[in-house]
Amino acid sequence: MATNDTIADMLTRIRNATMARHKTTEVPATKMTRSIAQVLKDEGFIADYQEDGEGIKRRLVLSLKYKGKGQRPIITKLKRVSKPGFRVYSSCKDLPRVLGGIGIAIVSTPNGIMTDRQARQSGVGGEVLCYIW
């Protein structure tokens, strides 16, 4: 199935998998989804990710994290900010703080995909892709 917005597709698959308490979920593998998965792993929102398949059938398998006896998901909410029809850009001074620093904003900068904190430290702005908390 072809999709125009791979980021929104990835976030929706993660949201649906956490609501259904799945251990893993699969997303199409692109440079952007790999970078976002790496940021999520570095920030502790997912346990790990692996790449499966060959060629056009290449997929990322994300291992989701849960906490406590009730198996509450680590990721409680995902929100797509910049969309294909409405891009949202921000300078390093104006980058949003998600829930006062509890969550993260994933930003596409000239130096690559990074969190809002990393972008502020590097002194670069960019396109605000999504919020995760």
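**Helices, sheet and cores**

Me: Which residue follows H2, and what is the sign of its phi?
Reply: Gly-44 comes after H2, and its phi is positive, near 85°. The model is predicted, with local features requiring pLDDT of at least 70 and side-chain atom pairs pLDDT 80 or more, while totals for chains, interfaces and linings take in all residues. Numbering starts from 1 along each chain as its sequence is written, and side-chain values rest on heavy atoms, without hydrogens and water.

Me: What makes H2 a helix, and how do you know that its length fits?
Reply: The labels come from DSSP: a helix is a run of H or I of at least four residues, a strand a run of E of at least two, and both are numbered from the N terminus. H2 has 12 residues, so it passes that cut-off. The expected span is 1.5 Å times one less than the number of residues. For H2 this gives 16 Å, and the end C-alpha atoms are 17 Å apart, which agrees.

Me: How do you know that the buried residues of H2 line one face?
Reply: Those residues are Thr-33, Ile-36, Ala-37, Val-39 and Leu-40. Seen down the helix axis they fall within an arc of 160°, so they share one face of H2; the arc is taken from the directions that lead from the axis to the C-beta atoms. An α-helix has 3.6 residues a turn, so residues three or four places apart point the same way. On the face turned away from the buried side, H2 carries the exposed residues Lys-31 and Asp-42.

Me: How does the length of H1 compare with its expected span, and what follows this helix?
Reply: The 14 residues of H1 should span 20 Å, and its end C-alpha atoms are 20 Å apart, which agrees. Arg-21 follows H1 with a positive phi, near 60°. The buried residues of H1 are Ile-7, Asp-9, Met-10, Leu-11, Ile-14, Ala-17 and Thr-18.

Me: Why is Thr-25 called buried?
Reply: Buried means under 20% relative accessible area, exposed means over 50%, and partly exposed lies in between (1.4 Å probe, protein chains only). Thr-25 has 11% relative accessibility, so it counts as buried. This residue is found in strand E1, residues 24-28. Its contacts (heavy atoms within 4.5 Å), leaving aside neighbours within four places in sequence, are Arg-13, Ile-14, Ala-17, Leu-60, Val-61, Leu-62 and Leu-64.

Me: What makes E1 and E3 a pair, and which strand order does the sheet have?
Reply: Strands pair if DSSP finds at least two bridges between them. E1 and E3 share five bridges in the antiparallel sense, so they pair. Within this pairing, Glu-26 stands opposite Val-61 in E3. The open sheet has three strands in the order E1-E3-E2, with antiparallel pairing. E1 and E2 are the edge strands, each pairing on one side only. Neighbouring strands are turned by 25° against each other on average, direction ignored.

Me: Which helices lie on these strands, and at what angles?
Reply: H1 lies across E1 and E3, at about 165° to E1. H2 packs on the sheet and touches E1, E2 and E3, its direction making about 155° with that of E2. Such angles run from 0 to 180 degrees between N-to-C directions, with axes fitted to C-alpha atoms, for helices over the stretch in contact.

Me: What makes a set of residues a nonpolar core, and which members touch the most others in the largest one?
Reply: A nonpolar core is a set of buried Ala, Val, Leu, Ile, Met, Phe, Trp, Tyr and Cys residues joined through side-chain atoms within 4.5 Å. In the largest core, of 26 residues, Ile-14, Ile-36, Leu-40, Leu-62, Ile-106 and Ile-132 touch the most other members. Elements giving two or more residues include H1, H2 and strand E10 (126-132). H1 gives the largest share, five residues. A second, separate core of 10 residues includes Val-81, Ala-105, Val-128 and Tyr-131.

Me: Why does Leu-78 count as buried, and what does it touch?
Reply: Leu-78 has 6% relative accessibility, so it counts as buried. Leu-78 lies in strand E6. Not counting residues up to four places away in sequence, Leu-78 touches Leu-11, Ile-14, Arg-15, Tyr-131 and Ile-132. Its C-alpha atom is 8.6 Å from that of Ile-14, 64 residues apart along the chain.

Me: How do you know that E10 is mostly covered, and with which strands does E10 pair?
Reply: Seven of the seven residues of E10 are buried. E6 (residues 78-80) pairs with E10 over three antiparallel bridges, and there Arg-80 stands opposite Cys-130. E8 is joined to E10 by five bridges, also antiparallel.
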